[in-house]
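Visitor: I would love a close look at a single part of this protein, the place where two helices meet towards the end of the chain. Could you walk me through it and then show me what lies around it?

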Amino acid sequence: QDKNFSEEDSDNIDWDTEDELEIQDPPFSSCRDLRTTGQHAINGDGETSSSSVPGRSQFIQKFLVMGFPEESIAKAIEQNGENSDLVLDALLTFKAIEDSPEEQPSASPHLEPCINSDDSSSEYNENFLDDVYEEDSWSSDSDYCTNAAKQFYLKEESSSLSEQEQTLLCLANMGYSVEEVSIAMERCGPEASLDVLTDCIDAAQKARAEDPYLPEDVKPKLNHISNGSVGYKKRKIFNQSCESKKQRAIFDEETIRLPKPMIGFGVPTESVPAMVQRTLPDQAFGPPFFYYENVALAPKGVWDTISRFLYDIEPEFVDSKYFCAAARKRGYIHNLPIKNRFPLLPLPPRTINEALPLTKKWWPSWDPRTKLNCLQTAIGSARLTDRIRKAVEAFDGEPPMRVQQYVLDQCRKWNLVWVGRNKVAPLEPDEVEMLLGFPKNHTRGGGISRTDRYKSLGNSFQVDTVAYHLSVLKDVFPNGMNVLSLFSGIGGAEVALHRLGIRLNNVVSVEISEVNRNIVRSWWEQTNQRGNLIDFDDVQQLNGDRLEQLIDSFGGFDLLIGGSPCNNLAGSNRVSRDGLEGKDSSLFYDYVRILDLVKSIMSRHR
């Protein structure tokens, strides 16, 4: 259905990281009894360590220069080893804990809460769903905690850091290493401005690059530009990024107001106060029937534009939490009848414990969730789940409210479920398939990686929801249908029609992802479909001549269905939420173009 969002954002998140890499976290240091005093490392038994004292002292010194207390540095190294990023992450966490107004636990040496959410913890619930989970491109690589923690402290309203520490984080987000930053701060002084520090680092990089005695493999790689200042370029990019984020923040805040409850023209599990009526404009009537889907929480004006291009039909906004155990807020514009709908049977489980009964045994009383949030294209990392385990295990009985809130925030954000004592885990692909209404192993095998499975599923229809809307077509087409499926994804529309018992005579599927096309082809063969499946890879190449040939060959289409990419509409896209003018979401206009062509060609044939 949607293209995968793969552009690099200012947080340096690798959207395409293979999930296998997520569990390859660096091992934590085992030196629990190691304490650092001054220039020497002393073991718990009082003997001087045989490790390299000068090297360790230099490692400590760069954090002292940044203004962190020596005791905190020692504790961070004890917990994380001599890994600069992990130590910096831990130091920032200690800083946040120290500045928290709440009473802190007296002894929790293993508590390492990584505050990696860009949203206030009090904003979760419905607003959390609105702002965070209507997207398709969250990253879950193993470095997410470190990068997100840095981003968290850059937010003025959430930051408790000094001006010097915020300068440090700005430089880190501009791509400079911890070593470069610490040396520059030592040379220029703690009060040096951002410009002075970047110029200092720039000059040092150039000197190293031009040093004839320095081996080539350790020289910095400089991207030379016209004014000769790499630091200037990084500052310019960083400032532009900040400015664009401010503009997008204003843009994002102007989202439309959605109905509550979000049940559209009715759902099978909720009663509708009065009989819903709607009147379609004359030009909206088929053939063919058409059905368009996208994220409900698009920027202001987007759904008005979509409606205007689709015959001014009122959108039907539905949250799939009324059909299954996971939320999925979507808007639908269609010219289908709305009376005499019926759901797929058996009705799917509608709570987490019903859908995943093995989790009930381990579910803590302080986790009130009964529904999962919108299912994503990525999952929480192994490092994150390990942090949560350590955070909960640090206390006998229930953890304090501060820790509970941190754990709940992460569980909601990444749809983590309890799978053991103090253990959470992301959903498995087959569990996501079940929640979305697909058959078991729909995306499994055939050379498809786990990462591709999550991405494909995260961009799909929720089958039970779509099938409820399409159910009115069963009596209209007792002899089967011809379907034009645009942005087909993994075949959510085809699966819904098949499960409704509607025969698929001819399906023209247009999907750019080869992985997804293979999934649909495999499903078609495994379900012994007797019709014809014709696939194309690009909607932009589907022109009038091709459509004319297809319509001539089997007499036209009964249904045109699809949802264009939501990459530039989704709330979590912090990089290019450009609305329908965005690179990917502008493909909506190809949906309109193809619908108009099909209607025109079929009217001529009549």
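Guide: Happy to! A contact here means that heavy atoms lie within 4.5 Å. Please keep in mind that this is a predicted model.

With that cut-off, let us turn to helix α20, residues 544–554, and helix α21, residues 588–605. From α20, the residues that take part are Gly544, Leu547, Glu548, Ile551 and Asp552. They meet Ile594, Leu597, Val598, Ile601, Met602, Arg604 and His605 of α21. By character, this contact between α20 and α21 has seven nonpolar, two polar and three charged residues. The spacing of the numbers fits a familiar rule: an α-helix has 3.6 residues a turn, so residues three or four places apart point the same way.

How do the two helices lie relative to each other? The axes of α20 and α21 are 10 Å apart and form an angle of about 45 degrees. An angle of that kind is neither roughly parallel nor roughly perpendicular, and α20 and α21 are therefore oblique to each other. Their crossing is right-handed.

Now for another helix, α18, which covers residues 492–499. Six of its eight residues are buried, so α18 is largely enclosed by the rest of the structure. Those six are Gly492, Ala493, Glu494, Val495, Ala496 and Leu497. They pack against two helices, α17 (463–470) and α19 (514–526), and against the strands β8 (481–486), β9 (504–510) and β11 (559–562). After α18 comes Gly501, with a positive phi near 85 degrees.

Some backbone details elsewhere deserve a glance too. Most residues other than glycine have a negative phi, and most peptide bonds are trans. Tyr311, in the loop between α11 and β4, has a positive phi near 65 degrees, and at 12% relative accessibility it counts as buried. Asn441 also has a positive phi near 65 degrees; it sits in the loop between α15 and α16 and is partly exposed, at 32% relative accessible area. As for cis peptide bonds, one joins Lys260 and Pro261, with omega about 0 degrees, and another joins Gly286 and Pro287, with omega about 10 degrees. Pro261 lies in the loop between α10 and β3, and so does Pro287.

To place all this in the whole chain: the protein has 21 helices and 11 strands, and 55% of its 606 residues are buried.

Technical notes. Residues are numbered from 1 along each chain as its sequence is written. This is a predicted model: local features need pLDDT of at least 70, side-chain atom pairs count only at pLDDT 80 or more; totals for chains, interfaces and linings use all residues. Side-chain values use heavy atoms; hydrogens and water are left out. Helices (H or I, at least four residues) and strands (E, at least two) are DSSP runs, numbered from the N terminus. Buried means under 20% relative accessible area, exposed over 50%, partly exposed in between (1.4 Å probe, protein chains only). Axes are lines fitted to C-alpha atoms, for helices over the stretch in contact, and angles run from 0 to 180 degrees between N-to-C directions. Angles under 35 degrees count as roughly parallel, over 145 as roughly antiparallel, 65 to 115 as roughly perpendicular and the rest as oblique. A crossing is left-handed if the near helix is turned anticlockwise from the far one by less than a right angle, and right-handed if clockwise. Ala, Val, Leu, Ile, Met, Phe, Trp, Tyr, Cys and Pro count as nonpolar, Asp, Glu, Lys and Arg as charged, and the others, Gly among them, as polar.
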